[in-house]
Amino acid sequence: MRTTHHHTRAARSRSTEGNRPAEGKSAGRVGVRQARRTAEWGRAKYVGSWAENLWRRLDAVDFINQAILLAATLLLCAVPFMLIASALAGRSAVSTLSVRLGLGQEAANDLGHLFASSAATSAAITGLSWVFFVLAGIAVSASLQKLYQRVFDQRPQGVRDRLCALVWLALAMGWVALGSTVGHALHESSPVLWWIINVPGFVAFFWFTMWLLLGGQVGRRRLLPCAVATAAFWIGMLVVFRFTFSGMVTSSDEKYGPIGVVFSLMSFFIAIGVVIILGAATGMMWHERGMSFRAATTKIRRGHDYPDRR
């Protein structure tokens with residue numbers, strides 16, 4: 001009896017062990033089928049969606065490489081241009097960056113080690129420095145112009161492009177000078193009001209920038225969503241860097257020395273390139289798909305009025 005009971009229990013054990021691989025394979029097949037269904041559902045949602053439209057535009061302009069190229073131009077040309085312009089105006093470039101990016105005292109000191117004082121820079125300006133100053137500004141405006149032409153698929157217009165770039169450079173200098181004087185005092189007295197004024201200010205600046213650098217080839221109505229998107233991304237970028245840039249600068253300075261601060265500046269310039277391209281592409285996608293805040297609110301309101309309609 002004991003032997004019979006032992007054999008019966010062993011047979012049951014073998015039967016159970018034999019079923020386990022089959023159960024595992026069945027569960028695996030079910031998981032694979034669920035993963036395929038999820039992938040097919042995601043693909044069906046992605047095809048023809050706004051996300052596909054946006055990615056197609058970004059991929060067409062090779063936005064990562066273009067953002068890096070713009071960042072290199074800003075580092076090589078915009079920084080010297082800003083230093084000379086600040087010195088001629090009797091202001092420190094470090095203080096301007098500190099206000100814009102919310103740098104702490106330690107980070108501002110680390111950044112200040114890269115630059116000479118405004119008095120020393122102003123005293124060193126010679127005839128050749130003036131030539132470099134003008135050429136650096138033209139290089140920045142021309143680089144931004146070519147980037148917008150690529151994003152909006154517009155052909156260069158030769159002399160007219162250079163004229164538009166020069167006009168934009170002069171107006172941008174006035175804009176920055178106004179923001180550095182009036183904006184600094186306003187930021188010190190009322191930071192909240194400073195941010196409120198900056199929102200429509202950024203929209204107007206990017207709207208006019210795109211229209212002028214493109215030589216009026218793209219309608220202002222089509223450019224408005226691009227300006228709004230760029231301003232939104234720009235403000236988001238400034239907020240993020242206000243919370244992270246000080247720590248980034250001090251950490252990089254401790255690890256690598258002054259060259260680490262340059263790495264931090266380069267990351268900021270790359271972010272500028274990404275924001276400019278992403279804002280223009282998002283606005284174009286928004287305009288072409290007929291999206292609007294009015295249509296979105298109307299759709300939501302209809303959904304509330306007819307909750308049972310399917």
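**Exercise 1: the fold.** Work out how many helices and strands the chain has, and in what order its elements run.

*Solution.* Start by counting: this predicted model has twelve helices and zero strands. Next, read from the N terminus, and the pattern is α-α-α-α-α-α-α-α-α-α-α-α. Then look at the contacts between residues at least 6 apart in sequence: 80% of them join residues at least 24 apart. Finally, check burial and surface. The chain has 310 residues, and 35% of them count as buried. About 18900 Å² is exposed, with carbon and sulfur atoms supplying 63% of that area.

**Exercise 2: the core.** Find which residues touch the most other members of the largest nonpolar core, and which helix gives the core its largest share.

*Solution.* The core holds 64 residues, and the ones touching the most other members are Tyr148, Phe152, Phe206 and Met237. As for the helix, go to α11 (residues 258-288): it puts in 13 residues, the largest share of this core. Now zoom in on Tyr148. Skip its neighbours within four places in sequence, and you're left with contacts to Phe206, Thr209, Met210, Leu213, Leu214, Ile276 and Ala280.

**Exercise 3: aromatic pairs.** Classify the pair Phe245 and Phe268, and explain which parts of the chain the pair ties together.

*Solution.* Some background first: the structure holds eleven aromatic pairs. To describe one, you want the distance of the ring centres and the angle of the planes. For Phe245 and Phe268, that's 6.1 Å centre to centre and 50° between the planes. Stacked needs under 30 degrees and edge-to-face needs over 60, so this pair is tilted. Now place the rings: Phe245 sits in helix α10 (residues 220-256) and Phe268 in helix α11, so the pair ties together parts that are 23 residues apart in sequence. Last, check burial against the cut-off of under 20% relative accessible area. Phe245 comes in at 1%, so it counts as buried, and Phe268, at 8%, is buried too.

While you're on rings, there's also an aromatic cluster, formed by Phe202, Phe205, Phe206 and Trp234. You've already met Phe206 among the core residues that touch the most other members.

**Exercise 4: a surface patch.** Identify the residues of the nonpolar surface patch and say which helices supply them.

*Solution.* The members are Leu163, Val167, Leu171, Phe208 and Trp211, with about 440 Å² of accessible area together. Sort them by helix: α8 (159-189) and α9 (191-213) each supply at least two, and α8 has the largest share, with three residues. Take Trp211 as a test case. It's found in α9, and its relative accessible area is 32%, so it's partly exposed.

Conventions: Residues are numbered from 1 along each chain as its sequence is written. This is a predicted model: local features need pLDDT of at least 70, side-chain atom pairs count only at pLDDT 80 or more; totals for chains, interfaces and linings use all residues. Side-chain values use heavy atoms; hydrogens and water are left out. A nonpolar core is a set of buried Ala, Val, Leu, Ile, Met, Phe, Trp, Tyr and Cys residues joined through side-chain atoms within 4.5 Å. Buried means under 20% relative accessible area, exposed over 50%, partly exposed in between (1.4 Å probe, protein chains only). Helices (H or I, at least four residues) and strands (E, at least two) are DSSP runs, numbered from the N terminus. Contact means heavy atoms within 4.5 Å. Rings of Phe, Tyr and Trp (its six-membered ring) pair if their centres lie within 6.5 Å; planes under 30 degrees apart count as stacked, over 60 as edge-to-face and the rest as tilted. Patches are made of residues with over 30% relative accessible area and no salt bridge: like charges are joined within 9 Å, nonpolar side chains (Val, Leu, Ile, Met, Phe, Trp, Tyr) within 5 Å. Accessible areas come from the Shrake-Rupley method with a 1.4 Å probe; for residues, only the protein chains shown count as cover. A salt bridge is a side-chain nitrogen of Lys or Arg within 4 Å of a carboxyl oxygen of Asp or Glu.
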